[in-house]
Amino acid sequence: MFDDGIAVIGLGYIGLPTCAALTGRGLRVIGVDVNARTVAEINAGRVPIVEPNLDEAILEAVERGMLTATTEVPHASVYLIAVPTPFRGDHEPDLRHVRAATEAIAPRLRGGEVVILESTSPPGTTERISGWISDLRPDLKLPHMGGIPDVHLAHCPERVLPGRIMVEIFTNDRVVGGLTPECAERAAELYRTFVAGEIVITDATSAEMAKLTENAFRDVNIAFANELAEICDHLDVDVWEVISLANHHPRVNILQPGPGVGGHCIAVDPWFIVSAAPEQARLIRAARETNDARPRSVLTKISEAVAASGHEGDTVTIACLGLAFKADIDDLRESPALAITQTLAAERPGARILAVEPHVSRLPTTLAGLPNVELVTTEQAVREAQVVVLLVDHAAFRAISPGELRGRQLVDTRGLWR
Ligand code: SAJ
């Protein structure tokens, strides 16, 4: 059934763990990436990203000859597309990478293959892929044309949580949406090889919307918590106390406020819904705007703390604890903590900014060029700063004792030091 192997296009946070899951079930996988360095690293058995238990699984797959990486799309029985789907301009979905992957797959098709889109995508993308392939390969019958197709197409959105990917990739339920029921069934055969959760069959557009809905749901709920934080701040009430009390109700489960929503999923995906139905998606848009406004609100609080420290002007030293987009990971993509640190440094050129990120060994490029930012240890930052800003609730920061913070002005965006 998978005699010619599985080609996984895009060797990032989703593609690589999927390679590991498939090879772990004895399937031969060819990993494809446009980045030659990524390909070389993987062929050497090394993983260019940090994710618990991924390194061992990839090393084993390479050593057993089950996984090889390449920059060229080969012929394969199944193509699995796991490339980024960012947005551009006014939050319009950017399908450039999906299109490039499709264009690379099209010439390799012989008939009988299954093409699966895993990348989170706007409604209708799987059908567009079908159209793009048929434009390039008029000799093939594609699912959107009706009848029995030569190539099967489905959307199976990834749903794994960074930091827990190597658990959730096996245990989560999977939604498999086909352009036809047969397409879904063919794609489901692949997931049955490694998924212990339920495999739920649907149509492609419902699967696309379901994935976007999951992340929009979380974004709206985080926005609720963030709006509560603004309200409680205005009323001088402790938001974490209020949420903790309200959550004692059996049907209330409020999430946690923070400095904003980061990562490459929740801060992006709801815009795909807004873009597809701008008149209808009013709450989803408002939630995005609420969450995006949080970094500015944190910067205002930092200004108040600087004023209260008595070190107003350029003499102040400010510790920014955490740069990652959430706790206990090294991923800095779309991180509000990073954005806040960067803006703070730019807006206060004479201030000394001590950045702390226990999960990275050097400053990211956006901060490295700024003369007033240094990457230091937690101890040094807390010792030397007059203002301490907690941006990420990393476990390492829980260990800071109240004594070490005495006399400092604190801006705690995560409620860690209540
Ligand atoms: N955050 C808060 N308060 C909370 C929870 C999260 O401010 O109570 C912030 C985090 O600090 C972070 C952001 O939200 O900046 C997103 O973090 P997250 O843990 O909510 O989600 P991600 O982006 O790591 O992963 C999400 C997951 N989606 C859902 O939980 C619905 C994951 O299952 C998806 O696979 C992933 O997006 C994805 O790839 O789409």
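Domain bounds here come from an automatic or database domain assignment.

**Figure 1. Division of the chain into two domains in a predicted model.** Domain 1 covers residues 6-197, and domain 2 covers residues 217-412. Between the C-alpha centres of the two domains the separation is 34 Å.

**Figure 2. The interface of domain 1 and domain 2.** On the side of domain 1, 15 residues are in contact with twelve residues of domain 2. The two domains bury about 1200 Å² between them, and 66% of this area lies on carbon and sulfur atoms. Y13, F87 and H91 together supply 40% of the area that domain 1 buries against domain 2, more than any other three residues.

**Figure 3. Polar and charged features between the domains.** One residue pair is in polar contact across the interface of domain 1 and domain 2, with both residues at pLDDT 80 or more. The side of domain 1 that touches domain 2 is made up of nine nonpolar residues, five polar residues and one charged residue. Zero salt bridges are counted between domain 1 and domain 2.

**Figure 4. Surroundings of the ligand.** Around the ligand there are 21 residues, of which E158, V160, K211, R218 and F325 come nearest.

**Figure 5. Polar atoms beside the ligand.** A polar backbone atom of V160 is 2.7 Å from an oxygen atom of the ligand. For K211, an N or O atom in the side chain is 2.5 Å from an oxygen atom of the ligand. A polar backbone atom of Q256 is 2.7 Å from a nitrogen atom of the ligand. The ligand taken alone exposes 780 Å², and the protein buries 89% of that area.

Conventions
Residues are numbered from 1 along each chain as its sequence is written. This is a predicted model: local features need pLDDT of at least 70, side-chain atom pairs count only at pLDDT 80 or more; totals for chains, interfaces and linings use all residues. Side-chain values use heavy atoms; hydrogens and water are left out. Contact means heavy atoms within 4.5 Å. Buried area is the accessible area (1.4 Å probe) that two parts lose on being put together, summed over both. A salt bridge is a side-chain nitrogen of Lys or Arg within 4 Å of a carboxyl oxygen of Asp or Glu. A polar contact is a pair of N or O atoms within 3.5 Å; within protein, one must be able to donate a hydrogen and the other to accept it, and residues adjacent in sequence count only if both atoms are side-chain atoms. Ala, Val, Leu, Ile, Met, Phe, Trp, Tyr, Cys and Pro count as nonpolar, Asp, Glu, Lys and Arg as charged, and the others, Gly among them, as polar. A residue is near a molecule or strand if one of its heavy atoms lies within 4 Å of it. Accessible areas come from the Shrake-Rupley method with a 1.4 Å probe; for residues, only the protein chains shown count as cover.
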